[in-house]
Amino acid sequence: MIGSRIFNLEDALYWMRATEPGSHAISLVSASYIAGTFMAEKSGIEMQKDPSSREAHDRAWSKKAAQRGFKRLAAANRSVLMLDYDGTLAPFVQDRMSSKLYPGVEERLHRLSRLTGGRLVFVTGRPVRELRALLPQDIHAEMWGSHGREQLSADGSYQLTSLSQKQIEELDWFDRLMAEKGFGSSIERKASGLALHTRGLDRDQVRELKSLAETLFAQVEPSGAVLEMLPFDGGLEVRGKGCTKATAVEHILKQEPQGTFAAYLGDDQTDEDAFCALGNQGLRVLVRNEFRPTLANLWLKPPQELLEFLDGWLAAVSADREGAAKAGTVSGVAGSSSTSLVVVSNRIPLSFAMEQGKLTATPSSGGLVSALEPLLKEHGGVWIGSAGTQDSPEIRAQLKEATCGHHYHYEPLFLSEEEQAKYYEGFSNEVLWPLFHDLQTHCVFKPIYWDFYRRVNQKFAEAVLHVTREEDIVWVQDYQLLQVASFIRAQRPRSRIAFFLHIPFPPPDIFEKLPWRREILQGLLDYDFIGLQTERDQRNLVACLRAFIPDIKLDGRGDHRKVVGTRGVTLIQVMPISIDFHEFASAAASEAVASRVAEIRSESPGLCIALGIDRLDYTKGIPERLRAFRALLRDQPEFRRKVTLIQVVVPSRENIPCYQELHSEVEKLVSSVNGELAEPGWTPIQYMHRSVPHEELLALYKAAHIALVTPLKDGMNLVAKEYCAAHVEDDGVLILSEFAGAAPELKTGAILVNPYDEVGVANALKQAIEMTVKEQRRRMLRLRHQIRSADIHHWRDLFFASLKRVE
């Protein structure tokens, strides 16, 4: 047998699977036996004594196996390339979210994702959202995460195979005891279970972690009925039984026609299940620098041999299969091959300023930009918005330069001074803004405001019609543009038009105060899709539709509701917006930010720093917060000289009288509190009325022991999420208003308060100041996990998945 039956592994694999029908994976003992036999057949006894001879033989063997595989690939009508990430496409690093692809891999992945006759799939133990954050955003591929429990399709639809209640309970118990023994920072919670990471630990710590894990596992799961513990390169996994990487591979292959050629590339023990599931339908590729017993039939050393393999795969696929990049659809949404995304917002995401006599344009930051611009860059399209009230060749040149070299462009509108005053400052911010935040006493219901609101919405619609086609996807953003769809529909009734409301939607008893309530609701029903921040907003909108447009029909439940009106169907879905978690966390971990954090804390030595960062707005509850802070220091003087509040107020809407009054009220309150309670060397409130650069903002977040996010009403409030993302050491306390849109997501880790309750907020401050480091960490881990799992890219993917449902 020696040396004469090299590829008998296929026969062995299929024999085992035939005798164990329905099995997703063979046992580790059987796998080791087959792999050991295979290595003995392949290499010969004499080669076991000479490692250099054995490796030379292995290299030649791998090269021949690859050549045979590529010949089969070239002859196949379809191909599927399945790739693990860690250890396969990227080297292991201590900080998992700093993992980078091997040089040269990204460029090849771009080309692979554009093959029209092939399918690119990532199969990983990581959560899919984590993998999505690590991969370039313009690589659109199917992803199976958490060892087969999560599926993110190329079109953005997401499926999760949930753990059973018993599995969750046992994992919670195991997680809690590991954390209590000091290994909390080594634990990663995933949809499949727990990953216990040993990277970054010394030898004794690794030994202690593994010993403790084995002891606890024997206690929680002595029968091995619902959980299993398996090693991987870099730690141990405790996961629920029922899903493995083989689950993903088998599902993927079942979707393919007969004759499809496949390959799976992986590096560690968790990939053996996948190798087994693939069998002889393609290449099973082990990617690692050192050989180990395996079911693979090809061994590559990264990165060079990995790159050569990917090049060979690309070369084997005929040229006429390429070209999807030239005509691809937007995130898999069905339609014309030339479909473009059209984003419509009140402002273009550029800020203009004069510097040394020259006009400069600075890109705006924020979740919306980071979510949508990568799509526009990849697939083409246009971003439509106001560029101010002054048109000029310099502004247009800056707009053109900002998108130079990309497949999309900015299409600016220029409003007159009167339009800006009556549409934006008037109807948008003196009618809709206060009304939708349940503060109708601030409303100014002037009919001329409504006239200008409709006029400018029509102007935006005309801009859309001028630069787009009927097959394009139009995504309108926020309350300033509620009526845009109505004007587009008059010209293009079949257009696909979606809307996302970033602020809250009020209940019927508030909304009925609006003189133009029916027109607003009818305008919303001209959209195919409406995205809202919270279930409360969805309930309020549905209740208003029932109350004021009774001839509609409603269907669905939960976070998906369908409204059938005279135009057709409108889908209403809850899809809370978020931030780019990994971008914030990475920037917050920089040396420059750490240095500034040290400076900020040195300026308040020994003090607990509470932080409030808000745009100047009466919805943010700034005066109420300052009074609660005063109440804490008045009623409990032991906290004086122990805490200081840094309150940053960013100027906003300074031309509106009630904002000017608010500015004056805040400054008077700060002066009053400091005048009453300040002592030599201690100022209770440090007040800033200005914008804050991004790096300074991150430093303030990290320096603050407590964040006070206490709006009277908010659509979401991303400050709460940014604060948590910046706390990379898993410390800090978030005090959050129960009326913020972020509250339903973050309630498990934040201290929720009623911002109108002065005593309640003061007591929450006391609780936060006295909170132990252990309790802070427990809460912050939950917060960061939630925000990481539902980041801005998750929000974007939900939109495209929902838009497909409309079709």
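Let's start with the cysteines: a search of the whole structure turns up zero disulfides. Take Cys443, which is in no disulfide, its nearest cysteine sulfur being that of Cys658, 10.0 Å away. A disulfide would need the two sulfur atoms within 2.5 Å. Keep in mind as we go that this is a predicted model.

Is Cys443 buried or exposed? With a relative accessible area of 13%, Cys443 is buried, because buried means under 20%. Cys544 is buried too, at 0% relative accessibility.

Stepping back to the chain as a whole, 57% of its 807 residues count as buried. The chain contains 30 helices and 29 strands. Among contacts with a separation of 6 or more, 71% join residues 24 or more positions apart.

Now for a helix pair you may like to rotate into view. Two packed helices are described by the angle between their axes and by the distance between those axes. Here the pair is α26, residues 718-726, and α29, residues 773-789. Their axes come within 9 Å and cross at roughly 115°. Angles of 65 to 115 degrees count as roughly perpendicular, and α26 and α29 are therefore roughly perpendicular to each other. The crossing of α26 past α29 is left-handed.

Which residues meet where α26 and α29 touch? From α26 come Lys721, Tyr723, Cys724, Ala725 and Ala726, while α29 contributes Met780, Leu783, Arg784 and Ile787. Sorted by character, the residues of this contact are seven nonpolar and two charged, with no polar ones.

Methods:
Residues are numbered from 1 along each chain as its sequence is written. This is a predicted model: local features need pLDDT of at least 70, side-chain atom pairs count only at pLDDT 80 or more; totals for chains, interfaces and linings use all residues. Side-chain values use heavy atoms; hydrogens and water are left out. Axes are lines fitted to C-alpha atoms, for helices over the stretch in contact, and angles run from 0 to 180 degrees between N-to-C directions. Helices (H or I, at least four residues) and strands (E, at least two) are DSSP runs, numbered from the N terminus. Angles under 35 degrees count as roughly parallel, over 145 as roughly antiparallel, 65 to 115 as roughly perpendicular and the rest as oblique. A crossing is left-handed if the near helix is turned anticlockwise from the far one by less than a right angle, and right-handed if clockwise. Contact means heavy atoms within 4.5 Å. Ala, Val, Leu, Ile, Met, Phe, Trp, Tyr, Cys and Pro count as nonpolar, Asp, Glu, Lys and Arg as charged, and the others, Gly among them, as polar. Buried means under 20% relative accessible area, exposed over 50%, partly exposed in between (1.4 Å probe, protein chains only).
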